[in-house]
Amino acid sequence: MKAAVSAGSNGYNAFLGLFKHITYKNSLSIPPVLRNTPRITKPIVSAPMNGWAGPKLVSAVANHGGLPIYAIGYFTNPDAIVKDLLTIPSTIAHDDHSKEEESAVAAAPVQQQQQGRPHQRYMPYAVGFVTFWLDRQGPELLLRILRGEGDPKFSKGAALEEVRPPAAIWLSFGNYRPYLDLIRHHGAPETRVIVQVQTLEEAIEAQKNKVDVIVLQGTESGGHGAQRVVPLFTFLPEAVQALKDNAEASGGQLPIPPLLAAGGISTGKQFLTTTILGASGVVIGTGFMPTVESAGPQHAKERLLKIQDGGVSTVRTRIFDELREFDYPIGFDGRVVRNLVTEREEEDQRKLGLYEQTGEDSFKLLKEDRSGTKADWVRATQEQDFDLLPLWSGTGVGMLTKQGTAAEFMDQLLDPNGRP
Ligand SMILES: Cc1cc2nc3c(=O)[nH]c(=O)nc-3n(C[C@H](O)[C@H](O)[C@H](O)COP(=O)(O)O)c2cc1C
């Protein structure tokens, strides 16, 4: 007999508990070895948004008790990423790697040190890799990050215990399994692995592979995702039920990892509903885009805040990957705010019944438009002209009305009457 899923059965604590060893010192007067307090206290994850989730957003979310994901994106220069990561620690409040703490730890009796402080420490953020891109670039950057090269304390030959690697590694869009093994082998003992999936089959497989956190990404999501993907409020309860059934059938061998809901979530009521449906927390991208700390241009943030009717104003398409010649694996596309390019694509599809384009076709398709040539695309990229460029966004964009800080956005999510 199938077990009933009760409200919030998967519980916030299932997620928060995974990160409770990541602490900060909460008093200067008492040795921090005795005063460590969990840092990640809110079940809110800010998504790894390429071009938007940079150091400032990471610090803002971490400092307010969420788990931010730094977007590694479509990297070409690993050194530039490491350099960017190195800017984060000094902006994180109550940095537990401070000189004061080091001397307090050194002064504390050995026994206290053993009891009060975990051997390995972690940064209170995760880094998010696009898996198929990682396949192309090779695992070198991932290995460097796992070794703690994003910590200013890193030096060649440093032991892992001397530096803080990220709390977790996020993997999305492609085959994550080889990296799961690599992280388990080369990572610190409590480096968590978060995998974003789009189908029930993938969710079940991730449970079997014992990933630490599974993100269920619905079709409402902004940015990339599966072309054929279900709405979150269908996907989430079905996945919760299936994983629960598996856990029971396995006699406890196969626990349900914390499940996070992603896609179209902007308000406190939506957040609450995901709990009722069994999520342990949420992953939000679009909602953080217009915040003060996100890395996107201000004119793009203002554009987002004016959009209404998010399901109609956004559309899933592959055309921008073709234009950018990103060669995204078949089966993926991205949700974006409709603009001249998507209008033109739809018009053409209507006329010709075309659904799949090559990069060349896409440029041809735009020829009669003012975006007509590759040179216009280059110009649009330089000028950040979102009449042509993709402004990735989820359906929840319609409910975003005012600009605030990331912390304000998080607070309204935790308030059932909250409005962004
Ligand atoms: C601007 C933008 C960029 C994104 N870039 C990435 C990315 O680089 N890697 C990734 O795994 N997901 C990316 N995503 C998708 C998120 O992981 C997440 O599924 C999504 O933001 C959740 O839906 P929401 O945007 O409606 O909140 C991106 C989303 C947006 C809006």
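This report describes the fold, the ligand surroundings and some individual residues of a single structure, which is a predicted model.

**Overall composition**

The chain has 420 residues, and 45% of them count as buried. Its secondary structure comes to 18 helices and 13 strands. Among contacts between residues at least 6 apart in sequence, 69% join residues that are at least 24 apart.

**The barrel**

Eight strands form a closed barrel with parallel pairing, in the order β3-β4-β5-β6-β7-β8-β10-β11. From one strand to the next, the twist averages 25°. Strands β3 and β11 (residues 281-284) run parallel and are joined by three bridges. Ser46 has Ile284 in β11 as its bridge partner.

**The open sheet**

A second group of strands forms an open sheet: three strands stand in the order β9-β13-β12, and their pairing is antiparallel. Strands β9 and β12 (314-317) are at the edges and have a single partner strand each, so one side of each lacks a neighbour in the sheet. With direction ignored, neighbouring strands of this sheet are turned by 30° against each other on average. Between β9 and β13 (residues 332-337), four bridges make up the antiparallel pairing. Within this part of the structure, His224 stands opposite Gly334 in β13.

**The surroundings of the ligand**

There are 30 residues around the ligand, and those that come nearest are Ser172, Gly222, Gly223, Gly285 and Gly394. Four elements give two or more residues to this shell, namely β4 (67-73), β5 (123-130), β9 (223-226) and β11. Strand β11 belongs to the closed barrel, while β9 belongs to the open sheet. By residue class, the shell divides into eleven nonpolar residues, 18 polar residues and one charged residue.

**Helix α18**

Helix α18 spans residues 406-413, and its buried residues are Ala406, Phe409, Met410 and Leu413. Seen down the helix axis, these buried residues fall within an arc of 100°, so they line one face of α18. They pack against β3 (44-46), α2 (55-63) and α11 (268-276). Of these packing partners, β3 is also a strand of the closed barrel.

**Individual residues**

Three residues deserve separate mention; the table gives the location of each and the number of other C-beta atoms around it.

| Residue | Location | Other C-beta atoms within 10 Å |
|---|---|---|
| Asp135 | helix α6 (residues 131-137) | 14 |
| Lys210 | loop between α9 (200-208) and β8 (213-217) | 13 |
| Gln384 | loop between α17 (374-383) and α18 | 14 |

Asp135 is partly exposed, because the count of 14 other C-beta atoms within 10 Å lies between the limits of 12 or fewer for exposed and 20 or more for buried. In sequence, Asp135 and Gly174 are 39 residues apart, yet their C-alpha atoms are 8.7 Å apart in space.

Lys210 is likewise partly exposed, with 13 other C-beta atoms within 10 Å. Its phi is near 60°, a positive value in a residue other than glycine. The loop that holds Lys210 leads to β8, and β8 is one of the barrel strands.

Gln384 is not a glycine either, but has a positive phi of about 55°. With 14 other C-beta atoms within 10 Å, Gln384 is partly exposed. Its loop lies between α17 and α18, and α18 is the helix whose buried residues pack against β3, α2 and α11.

Note on methods: Residues are numbered from 1 along each chain as its sequence is written. This is a predicted model: local features need pLDDT of at least 70, side-chain atom pairs count only at pLDDT 80 or more; totals for chains, interfaces and linings use all residues. The arc is that of the directions from the helix axis to the C-beta atoms. Two residues are in contact if their C-beta atoms, placed from the backbone, lie within 7 Å. Two strands pair if DSSP finds at least two bridges between them. Axes are lines fitted to C-alpha atoms, for helices over the stretch in contact, and angles run from 0 to 180 degrees between N-to-C directions. A residue is near a molecule or strand if its C-beta atom, placed from the backbone, lies within 6 Å of it. Ala, Val, Leu, Ile, Met, Phe, Trp, Tyr, Cys and Pro count as nonpolar, Asp, Glu, Lys and Arg as charged, and the others, Gly among them, as polar.
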